[in-house]
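Colleague: Could you take a close look at the charged side chains of this model for me, beginning with the salt bridges and how far they are covered? I would like the reasoning spelled out as you go.

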Amino acid sequence: MTSGTVVTSLAPHRVESPTLLLHSGDVRIPVIARKSAPVRRAPGAFTRWREQADAMEITPHVVVEPPDGNGLRKIVIDGKPAGRVWSHHELQKILQRADVAPDAEIEWRGGDLTVWPAHSWRRRTAGTVMAVGFLATAAMCTWIGMKDSLDALTFAGRVTGFLFLFMAAAELIAALTCFDYWRNRKKEYSGPVLLLGALIELFVGSVLLLMYAANRDKPSITLCLALWVGIVVCASWSLWVLCRCRVWKVLRYPGRIAVGAIVSTLLVITNLTYTQIYLPSMSRPLLQGSAEIGAPSLNRDGTKMYLRVRLHLKNSGGVPVHILGSIYWIQVKVASEPKDMYKLLKPGQLVQPPGRELSAQEEISEDVVVEIKNPGQKEYAAVTAQVEAYAFRQDRMTIDASFERSGEWRGKLKREGKDDDPPGPLPPSKDYKRYQAGISQSSELLNLTRGRERVTVWWMYRPAPVVYIDVASPDDRRAFDLDNPGERRRAADRYGLAFVRGSMAQTPYTELLREAQAHRPE
């Protein structure tokens, strides 16, 4: 017998007798083995055995990978990624969703169940701080954007308003993304979204602080300054945390995206600088004032001479303006005095009510008649007339409608205790009429960074007619200083405030008297 092969078959509860074939040359001898006794099993044993085998077959293979640079551990179930978790509690949630038994065997790599580098309280604190910073920035951008996109006085201001609305939307998205990034990071690009939100937050806070520092004034709301500082600090900390996590690694071309962001930021800064700083400092109202002395006339007795003077004020520019204050005076030069001495004949306001709008190329004219008694007995050398006005550009600020009705004489202001709010530039013995009202900047962005301001206008008619203008904060109690040109320059740069003194019209008195006598009625 050189070789043998056994063929078996398995049937339930019985085992067939095997047949052994013996080979000897060309002769095959069958040998029948003895039949063994049937195998008896306990009732239900086979069923329990099958259930155990099935349980062993369906038990999933769970692997917990080592922590990555951010402290997340990847979970793999049967070779398929099931997510990334920060803690053992989150691991149990993933296993429960995958129908894995709590006591299932887990293969731990890079540390056991006690190794969780990312502490929950640190993550929650970081996510909360970032979300609060994003929401604060979104609220500030929404406030500025809603007002400027609808009510800004210039086209550039409205474009800036829509830009702030866009940044507000981006900050809201970043705030919502914080929940994904600091929990399970299901979204691949949640990190770059937070990075963009932090950059916008830093940009907004820095722009507001720089504009506040450039204006050197109090913000309209005292808490605004603290909020802007907090936004910058929060944005700087957020950028530091995100850069340590290298959140840009998921981007395909991070270098190109960074260059695009830098170029866009530079364009926005250039636009804000051009529209909010350069244009206001270069644009000035173009007003022209003039006076014409007309033909004189005498009454029948020759005791009175009437002189007609036509006064002009024209907006020769392309932008509407508001006339804050205007004054004219007609006077005569005394010939008997060795020095130039003038006697006032008639002062008055040319533009009424004050604050009236003067459109582009619009002109205001008024005829004033002056009476000179006993003209033949006067020793006058000449008659002069002149116009003076203050105006500001309509696209640079708005003034409250109450301005034209706010005129009060000094006596009434003193009785009400308002004559020193602010202290006027005039000596106590001189009377004046004062107009006062609040003003608003050309955009809400400037209102927030410059604060509340008001304009005060004083008219004094005698002994010499003059108009004084002061633009300052309502809380500023400093007296108006005529010798300080810096304040007037500041108002001119901010609001396009312009002082216009028209050319002086002058005619010899003897010539006027001779012409009047020639046309004297009989």
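Modeller: Buried means a relative accessible area under 20%, exposed means over 50%, and partly exposed is in between. With that in hand, and bearing in mind that this is a predicted model, I would begin with arginine 393, which at 10% relative accessibility counts as buried. Its side chain forms a salt bridge with aspartate 395, the closest N and O atoms being 2.7 Å apart, and aspartate 395 also counts as buried because its relative accessibility is 17%.

The covering is of another kind in the salt bridge between arginine 308 and aspartate 367, where the closest N and O atoms are 3.9 Å apart. This pair links distant parts of the chain, since arginine 308 belongs to strand β8 (residues 304-315) and aspartate 367 to strand β12, with their positions 59 residues apart. Arginine 308, with a relative accessible area of 34%, is partly exposed, and aspartate 367 at 40% is partly exposed as well. Lysine 418 and glutamate 416 meet in a further salt bridge, at 3.7 Å from N to O; here lysine 418 is partly exposed at 42%, and glutamate 416 is partly exposed at 40%. Elsewhere, salt bridges that share partners join Glu65, Glu107 and Arg109 into one network, and the count for the model comes to 11 salt bridges.

Charges outside such pairs also deserve a look. A positive surface patch is formed by Lys93, Arg97, Arg124, Arg183, Lys186 and Lys187, and patches of this kind are made of residues with over 30% relative accessible area and no salt bridge. Lysine 186 lies in the loop between α4 (155-181) and α5 (190-215), and at 65% relative accessibility it counts as exposed.

Arg97, another member of the patch, leads to helix α2 (residues 88-97), in which Glu90, Leu91, Ile94 and Leu95 are buried. These four cover an arc of only 145° around the axis, so they sit on the same side of α2. An α-helix has 3.6 residues a turn, so residues three or four places apart point the same way. The face of α2 turned away from that buried side carries Arg97 together with His89 and Gln96, which are exposed. Just after α2, aspartate 99 takes a positive phi of about 60°.

Definitions and conventions:
Residues numbered from 1 in each chain as written. Predicted model: local features only at pLDDT ≥ 70, side-chain atom pairs only at ≥ 80, totals over all residues. Heavy atoms only, no water. Patch = residues over 30% accessible without salt bridge, like charges linked within 9 Å, V, L, I, M, F, W, Y side chains within 5 Å. Areas by Shrake-Rupley, 256 points an atom, 1.4 Å probe, with all protein chains shown as cover. Salt bridge = Lys/Arg side-chain N within 4 Å of Asp/Glu carboxyl O. Lys, Arg positive; Asp, Glu negative; His and termini not counted. Charge placed at Lys NZ, Arg CZ, Asp CG, Glu CD. Helix = DSSP H or I, 4+ residues; strand = E, 2+ residues; numbered from the N terminus. Buried < 20%, exposed > 50% of the residue type's maximum accessible area, 1.4 Å probe, protein only. Arc of directions from axis to C-beta.
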